[in-house]
Amino acid sequence: MSTVEPHPPTPAGQVPLVAETPVLPPAAAEVAGLTKRYGDLFAVRDLTLRVETGSVFGLIGPNGAGKSTTFSVLASLLKPTSGQARVLGMDPTTDPRGVRSRVGYMPDVLGVYDDLRVEEYLEFFASSYYLPRKSWPGLIDGLLELVDLSGKRHAMVNGLSRGMKQRLSLARALVHDPDLLILDEPASGLDPRARVELRELIGELRSMGKTIIISSHILAELEHVCTDIAILEAGQLLASGSPETIVEQLGSGRTIEVRFADGAVERFSVDTDDEQRQLLRRLVVDDARDVVEFHQVGGGLEDLFMKLTEGIVQ
């Protein structure tokens, strides 16, 4: 007969040590096995994602990849065919009011009313969220300052440029101070300067404690602003994680172009950041060569996306 040794007694005055199971913080949003189909057409197929609180999560892929469909489900505007979604602990299918009270959604369509002034437009949505009227002036002042539209308070919406309309639409999504922002193609149609300003604004919103989910088909737009990304194609998830982790784990490879003081230009292939550092050290320290320029040619998310989606049929 086997015997079980008793635990040694705990000394008086001490609390017995108990192994603690780490508890993950609640996700800002997550989907599991999410599928949306229209007849034989799958807009999204068996998608599983987790968006951590406080992150900037990028959904990237071409038009028709399933980004807007996923966003519509999270924003409680569309019911999935199968699978589950949770937003800030709530089910958008069964508790749409709860979700909408804490989520700011900026769709890919501008959704502005041309016959209103900027101030009136924001007042309309403040009223829609039942915000106290006495709070409107200060709220609108703050929002317009945040999106750099203070000088357009009394301008007609239809007189704004596309970039200004995009910023106004973002201000509208922030009216009720949501915890989660869902931004569908916010950089679409913007000029380079407006895109830079948008990236800076996203960083500022994150510093304010907002979780942000953003989509784009311009892959380079998200590479430098997101903490995590997911790559979609034809409604399916191809890869997810931090941009650096995805590039490294999938071994997309990089081409490093080096120009030397004697005018020579050479290219080298590396796969990781560590290999890139070793290459520079070898050239400068071991080989004692005078390096004038050292930079990556191509690569990044654009090249990775092309490799991942090669051969996929819509």
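Two strands count as paired if DSSP finds at least two bridges between them. That convention applies to the hairpin of β10 and β11, a later stop on this tour. The model is predicted.

**Whole chain**

Start with the full chain, coloured by secondary structure. There are 10 helices and 12 strands. The chain has 314 residues, and 41% of them are buried. Its accessible surface is about 17400 Å², with 51% of that belonging to carbon and sulfur atoms. Among contacts between residues at least 6 apart in sequence, 65% join residues at least 24 apart.

**The six-stranded sheet**

Select β5, β6, β7, β3, β8 and β9. In that order they form an open sheet with mixed pairing. Which strands stand at the edges? They are β5 (103-106) and β9 (236-241); each has a single partner strand, so one side of each is left without a neighbour in the sheet. On average, neighbouring strands here are turned by 15° against each other, direction ignored.

Now bring up helix α1, residues 67-74. The helix packs on this sheet and touches β3 (56-60), β5, β6 (180-184), β7 (211-216) and β8. The direction of α1 makes about 150° with that of β7.

Add helix α6, residues 192-207, which lies across β3, β6 and β7. Relative to β7, α6 runs at about 155°.

Next, go to one edge of the sheet and select β8 (residues 228-233) together with β9. Five bridges pair these two strands in the antiparallel sense. Within the pair, show the side chains of Leu-232 and Leu-237: Leu-232 stands opposite Leu-237, which is in β9.

**Leu-170 and its contacts**

Select Leu-170, in helix α5 (residues 162-173). Is this residue buried or exposed? Leu-170 has a relative accessible area of 2%, and because the cut-off for buried is under 20%, Leu-170 counts as buried.

Which residues does Leu-170 touch, leaving aside its neighbours within four places in sequence? The contacts are Met-106, Leu-183, Leu-201 and Leu-205. To place these, note that β5 spans 103-106, β6 spans 180-184 and α6 spans 192-207. Draw a distance between the C-alpha atoms of Leu-170 and Met-106: the separation is 6.3 Å, for two residues 64 apart along the chain.

**Two residues with positive phi**

Most residues other than glycine have a negative phi. Two exceptions can be visited here.

Select Glu-185, in the loop between β6 and α6. Glu-185 has a positive phi of about 50° although it is not a glycine. With a relative accessible area of 8%, Glu-185 is buried.

Then move to Tyr-130, in the loop between α3 (118-128) and α4 (136-146). Tyr-130 is not a glycine either, and its phi is positive, at about 60°. Whereas Glu-185 is buried, Tyr-130 counts as exposed, at 74% relative accessibility.

**The three-stranded sheet**

Select β11, β10 and β12. In this order they make an open sheet with antiparallel pairing. The edge strands are β11 (265-270) and β12 (291-297); each has a single partner strand, so one side of each is without a neighbour in the sheet. Neighbouring strands in this sheet are turned by 25° against each other on average, direction ignored.

Narrow the selection to β10 (residues 254-260) and β11. The two run antiparallel and are joined by six bridges. Look at two positions along the pair. Ile-256 stands opposite Phe-268 in β11, and Arg-259 has Val-265 of β11 as its bridge partner.

How many residues lie between the strands of this hairpin? There are four, and Gly-263 in the hairpin takes a positive phi near 95°.

**Helix α9 and its surface patch**

Finish by adding helix α9, residues 273-286. The helix lies across β10, β11 and β12, and runs at about 160° to β12.

Show the side chains of Leu-280, Val-284 and Val-285. Together they form a nonpolar patch on the surface, with about 230 Å² of accessible area. Leu-280, which lies in α9, has a relative accessible area of 34% and is partly exposed.

Definitions and conventions
Residues are numbered from 1 along each chain as its sequence is written. This is a predicted model: local features need pLDDT of at least 70, side-chain atom pairs count only at pLDDT 80 or more; totals for chains, interfaces and linings use all residues. Side-chain values use heavy atoms; hydrogens and water are left out. Axes are lines fitted to C-alpha atoms, for helices over the stretch in contact, and angles run from 0 to 180 degrees between N-to-C directions. Contact means heavy atoms within 4.5 Å. Patches are made of residues with over 30% relative accessible area and no salt bridge: like charges are joined within 9 Å, nonpolar side chains (Val, Leu, Ile, Met, Phe, Trp, Tyr) within 5 Å. Accessible areas come from the Shrake-Rupley method with a 1.4 Å probe; for residues, only the protein chains shown count as cover. A salt bridge is a side-chain nitrogen of Lys or Arg within 4 Å of a carboxyl oxygen of Asp or Glu. Buried means under 20% relative accessible area, exposed over 50%, partly exposed in between (1.4 Å probe, protein chains only).
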